[in-house]
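These entries record what I looked up in the structure shown below. I worked through side-chain pairs, burial, surface and core in turn.

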Amino acid sequence: MITFSLCLVALVLGYVFYGKFLTRLLGVEEKRVTPALSMTDGVDYVPMSRWKAFMIQFLNIAGLGPIFGAIMGAKFGTSSYLWIVFGSIFAGGVHDYLSGMISIRNNGESLTSIVGRYLGPTIQQVFTLFSLILMILVGVVFVSQPADLLARLTPEVLSANFWVGAIFVYYLFATLFPVDKIIGRIYPIFGALLIFMALGILVSLYINQPDLPEMWNGFGTKYEKAPIFPMMFISIACGAISGFHATQSPLMARCLTNETYGRSVFYGAMITEGIVALIWAAAATAYFGENGTDQTAAQIVTELSRTWLGKVGGVMAVLGVVAAPITSGDTALRSARLMIADALHNEQKSIRHRLVISIPLFVVTLAILLFSMHDKDGFNIIWRYFSWSNQTLSVFTLWAITVFLVREGKQYFITLIPALFMTMVTSVYILVAPEGLELPSALAYVLASVFTLNLLYFFIRWRKHFLDKQKSAN
């Protein structure tokens, strides 16, 4: 429990100290007018209080990743704890915070527009298509698992298929209605359940005092034979760094009434998610020690919640887990609508304009969902592509933020290093993975290294050209 406790403290200290450093770096100004106030439209640009914006941001990003991903990643032992801590503080938190603040300073631009602004129109077109595919995949994969959990809690007549339909109908309304009418009203309830779940499992860990691995006993584990690099960094995404998060930050960038709220809403939500991931990674490690690793993540969540929190507490905890993916799936499709609207310069105040974009979006999502339900390996295939594309999205975002920092004359190493690292992770994964090229590991490492170093070379050349151009202009 010592390593776990130290990691927990480190996450809190990361928010306090590194979060303040980022705030000073950005030059946050309390009096700067935000788009929530200057562009209010009653649909997407809606002024919100800090606590409500935090709760929505937290639920937007806290999908299956910090729970199911952490459970799968826990098979790597204490390495998973360290990745959650360092990833959340120095990669994921920076990624989420800066993408949100850049959006605020550019009238609430969606992530695709931000990438186009800093990486160019060609990259923007590729990124837009890539992002839309990811948003649709999120809408798909974040339906089936909560439906499965709900089916376990309700009478047999309410099957998993019934809950899939119910959740999908909710997604439709959440995508179309103004952000404060559905999302803004029910998220505090979902948030309370999710926080109860995390606190309940945390307290249970300290009461039960399970025999958790310590980092001085080694970083490996008998449960996972796959190489830590890159597999663990793909398995644990949302609890450390996730490209999906940066697609959600602009949603709240359109609702914050003060720039100073950004640290608690964007960076704070990521650190909170890291804490949730750390708790579930530790709980899963304890579970593996007693039961092995044959169970699915949904079974582990249900069993741990009921065993440690009792019947009523267990139900509430499972509902908290259910709330996490549902409240990411709805805003993923909402983000997709806004991305398409931004690309087409289509205002979204009119319900007719929202329907024109949303109906085709939902038809495609439903078609993929039906495939995943009727093909026995359909969900697993979609989940693997989702995981990889999610982390690849973070690579685009980190490079865009790095260019922004260079242009602003600020310390760009804070995102350059994570950008290079995640470029290497995603490159190696797609080269060795069964759903990728299935190359030998040694060859994959060499090719990924060459690709990553080439990107660094082109970045250095661009930076030199940019600085020379600036010097000439002055």
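**Entry 1: a first salt bridge**

Does R32 count as buried, partly exposed or exposed, and at what relative accessibility? I found R32 partly exposed, at 29% relative accessibility; the class runs between the limits for buried (under 20% relative accessible area) and exposed (over 50%), with a 1.4 Å probe and protein chains only.

Before going further I noted that this is a predicted model, in which local features need pLDDT of at least 70 and side-chain atom pairs count only at pLDDT 80 or more, while totals for chains, interfaces and linings use all residues. Residues are numbered from 1 along each chain as its sequence is written, and side-chain values use heavy atoms, with hydrogens and water left out.

I then looked up the partner of R32. R32 forms a salt bridge (a side-chain nitrogen of Lys or Arg within 4 Å of a carboxyl oxygen of Asp or Glu) with E259, and the closest N and O atoms are 2.9 Å apart. R32 sits in the loop between α1 (2–26) and α2 (35–38) and E259 in the loop between α11 (243–253) and α12 (262–291), so the bridge ties together parts 227 residues apart in sequence. For the helix names I kept the DSSP convention: helices are runs of H or I of at least four residues, numbered from the N terminus. E259 is buried, at 1% relative accessibility. I also noted a salt-bridge network that links E29, R32, R105 and E259.

**Entry 2: further salt bridges**

How many salt bridges does the structure hold? I recorded six.

One of them joins the side chains of D44 and R337, at 3.3 Å from N to O. D44 lies in the loop between α2 and α3 (50–61) and R337 in helix α13 (residues 297–344), so far along the chain that 293 residues separate them. I found both D44 and R337 buried.

I also recorded the bridge between R117 and E109, at 2.7 Å from N to O. R117 is partly exposed, with a relative accessible area of 39%, whereas E109 is buried, at 17%.

**Entry 3: helix α6**

Why is helix α6 described as largely enclosed by the rest of the structure? Seven of the nine residues of α6 (residues 111–119) are buried, and I therefore entered the helix as largely enclosed. The buried residues are L111, T112, S113, I114, V115, G116 and Y118. Just after α6, I noted that G120 takes a positive phi of about 100 degrees.

**Entry 4: helix α8**

I looked up Y171, which is found in helix α8 (residues 160–176). Y171 is buried, with a relative accessible area of 0%. Beyond its neighbours within four places in sequence, Y171 has contacts (heavy atoms within 4.5 Å) with G139, F142, V143, P325, I326, G329, D330, L333 and F362.

F173 lies in helix α8 and is partly exposed, with a relative accessible area of 41%. I listed F173 with V169, L172 and F177 as making a nonpolar surface patch of about 330 Å². Such patches consist of residues with over 30% relative accessible area and no salt bridge, with nonpolar side chains (Val, Leu, Ile, Met, Phe, Trp, Tyr) joined within 5 Å and like charges within 9 Å.

**Entry 5: nonpolar cores**

Which residues have the most contacts inside the largest nonpolar core? I noted F4, I67 and W280, in a core of 144 residues. Helix α12 gives the most to this core, with 17 residues. Apart from it lies another core, of six residues, including V428, L431, A444 and A448. A core here is a set of buried Ala, Val, Leu, Ile, Met, Phe, Trp, Tyr and Cys residues joined through side-chain atoms within 4.5 Å.

**Entry 6: aromatic pairs**

I recorded 25 aromatic pairs in the structure. Rings of Phe, Tyr and Trp (its six-membered ring) pair if their centres lie within 6.5 Å; planes under 30 degrees apart count as stacked, over 60 as edge-to-face and the rest as tilted.

The ring centres of Y18 and F90 are 4.9 Å apart and the planes stand at 70 degrees, so I entered the pair as edge-to-face. Y18 is in helix α1 and F90 in helix α5 (residues 78–104), 72 residues apart. Y18 is buried, at 16% relative accessibility, and F90 is partly exposed, at 36%.

I closed with a cluster in which ring pairs link W399, Y412, F413, F459, W462 and F466.

Terms used. Helix = DSSP H or I, 4+ residues; strand = E, 2+ residues; numbered from the N terminus. Areas by Shrake-Rupley, 256 points an atom, 1.4 Å probe, with all protein chains shown as cover.
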